[in-house]
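Here is a quick walk through a protein model, with a stop at a pair of helices and another at a small sheet. Have the viewer open as you read.

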Amino acid sequence: MKRIYQVLSHVHFAAFRRLCGFIFVAVATGQHAAAVPPDRPGQAKPNIILIYIDDLGYGDIGCYGCKDIPTPNIDRLATEGVRFTASYITNPPCCPSRCSLIMGQYAQRFGKYGMSRGLPIPEDRPTLARFLRDRGYVTGQIGKWDLGSKRQGPLQVGFTEVAKDPPRKVYTKKELTDQPAGKRKLRTSKYFCINEAGEEIWLTDYDGDSMVNFIERHKAEPFFLYWSPAAVHSPSIEAPESLMERTKAKGARRKLAGAIVSVDDQVGKLLRALEQEGLREKTLVIFSSDNGGNGGEGASSKPYTGGKGKGTQKEGWVRVPTIFSMPGRLPEAKQHDGLVANFDFYATIATLAGQAIPDHCDGIDLFPYLKGERTGEGHEYLFWLNNEPGDAVRRHLIAVRWKNWRLYKQHDKDPWQLFDLEKDPREESDLAAEHPGVVKQMAAKHTAWAKTLAPLGKIPEIPAGEPIIPKGHGWAIAPAKDSKDTK
Ligand SMILES: [Ca+2]
């Protein structure tokens, strides 16, 4: 009952706030009330925090059915927000996924079909960071980049601040030889870093502290914070017992579970900071993953199959957990089943910031669907196409999603396979022969979509310059705005 009351008071408060702004604008401009949309320019811009985990599987957090890894803070985002059941990465894995996210479109539109690391992101259209920076936002980046050419770091493509990459712990010979055979750590740690005080700290924790630092410094102005941790990417072998013992995970999965628990801790830190600063209702928190979980680390895609490594033709490679939370502005404890892609985040954020969605975007504003103002599918179809020569063959994928159907093949020459994901989430019964009409229709849609794409991009031979993420402690700040985008 208390929860319902809280939800209602959030809703009422937001409605009251909107009404006040609405009456003020209507009186000031003499316009008919209905002509004044809420949250247009001139009103306070909401903050945005985008959390993009590396390789977090669909079945590896509590609110997605995971039983052995406690994730109370991420689950809280879901109870205080909307949980997506069909959120997709159309351009897996890490690098293309991030490119598509930050550009708000299918990465094939700029020639990126597979991994193609080093392929520049386009400069004739704004990244999400540049778009927001040019509209008055402080834009901060923390963690992994893996995006664009060797010269396109966060500070070059629209972020005003980037958290420097802290030095890592270097293991002594003795520490390394004391490890059991076959489980040796790398000489330079991936996940233990050294903080400003010279102490060892788990990198994910260090990132969380940086998030809080960013929020405290920018609480009085609109901000966009993009946190993309190295976690929970392999190898999680260094996960300390203190994290693993908080889970019920067994075997190889224990290490990954420890890494996930630490991510959850940072979400908790973040929520406390937002509440402390009175920013919880003024901030959209998006939580998602860049591709499916790694089976080799014991990750789960339940109830689907596949994921990173083996199984990159299956649903678990592309369907990821995604949560939007903004109490007062979005419903709470709601589930959204419509087809969604990570490139929708750009369009949604642009609209929330009171801006028109840029023409180049493939995405849509999700808020009307999440709030129940619009029904039906925002995207009737979603498409995949990775036939990039030179990319790992295991990742080649040609696929379409429509209604309950998933149509796919690995190579052009292969026959299509068709699955009803609602009845057969594990993709065990190929129904292509039984439903030739569905196959024909979906394949035709894919052909038509593929015709709208750019040709395969060529990776330029650019010598690497300074590190993309500057090394050290604290923050690197972008030089004064140079190429201000006015589109
Ligand atoms: Ca990844």
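Which residues of α2 and α8 meet each other? On the α2 side they are P72, N73, I74, R76 and L77, and on the α8 side D264, V267, G268 and L271. Keep in mind that this is a predicted model.

**The whole chain**

Let's step back for a moment. The protein has 11 helices and 17 strands, and 45% of its 487 residues count as buried. If you take the contacts with a separation of 6 or more, 65% of them link residues 24 or more positions apart.

**The helix pair**

Back to α2 and α8. Their axes come within 7 Å and cross at roughly 55°. An angle between 35 and 65 degrees counts as oblique, so that is the word for this pair.

Helix α2 covers residues 72-79, and its buried residues are N73, I74, L77 and A78. Looking down the axis of α2, you find these buried residues within an arc of 155°, so they line one face of the helix. Helix α8 is part of what covers them, and so are the strands β2 (82-88), β9 (283-289) and β10 (319-325). N73, I74 and L77 turn up twice here: they are buried, and they are among the α2 residues that meet α8.

Helix α8 runs over residues 253-276. With 24 residues at 1.5 Å a residue, α8 should span 34 Å, and its end C-alpha atoms are 35 Å apart, which agrees. Most of α8 is covered, with 17 of its 24 residues buried. After α8 comes G278, which has a positive phi near 70°.

**The four-stranded sheet**

Further along the chain, four strands make an open sheet in the order β13-β14-β15-β16, with antiparallel pairing. β13 and β16 are the edge strands, each pairing on one side only. On average, neighbouring strands of this sheet are turned by 15° against each other, direction ignored.

Here are the strands by residue range:

| Strand | Residues |
|---|---|
| β13 | 381-386 |
| β14 | 397-402 |
| β15 | 405-409 |
| β16 | 417-420 |

How many bridges join β14 and β15? There are five, and the two strands pair in the antiparallel sense. If you want a spot to click on, try R401: its bridge partner in β15 is R406.

Terms used
Residues are numbered from 1 along each chain as its sequence is written. This is a predicted model: local features need pLDDT of at least 70, side-chain atom pairs count only at pLDDT 80 or more; totals for chains, interfaces and linings use all residues. Two strands pair if DSSP finds at least two bridges between them. Axes are lines fitted to C-alpha atoms, for helices over the stretch in contact, and angles run from 0 to 180 degrees between N-to-C directions. The expected span of a helix is 1.5 Å times one less than its number of residues. A residue is buried if 20 or more other C-beta atoms lie within 10 Å of its own, exposed if 12 or fewer, and partly exposed in between; C-beta atoms are placed from the backbone. The arc is that of the directions from the helix axis to the C-beta atoms. Two residues are in contact if their C-beta atoms, placed from the backbone, lie within 7 Å. Angles under 35 degrees count as roughly parallel, over 145 as roughly antiparallel, 65 to 115 as roughly perpendicular and the rest as oblique.
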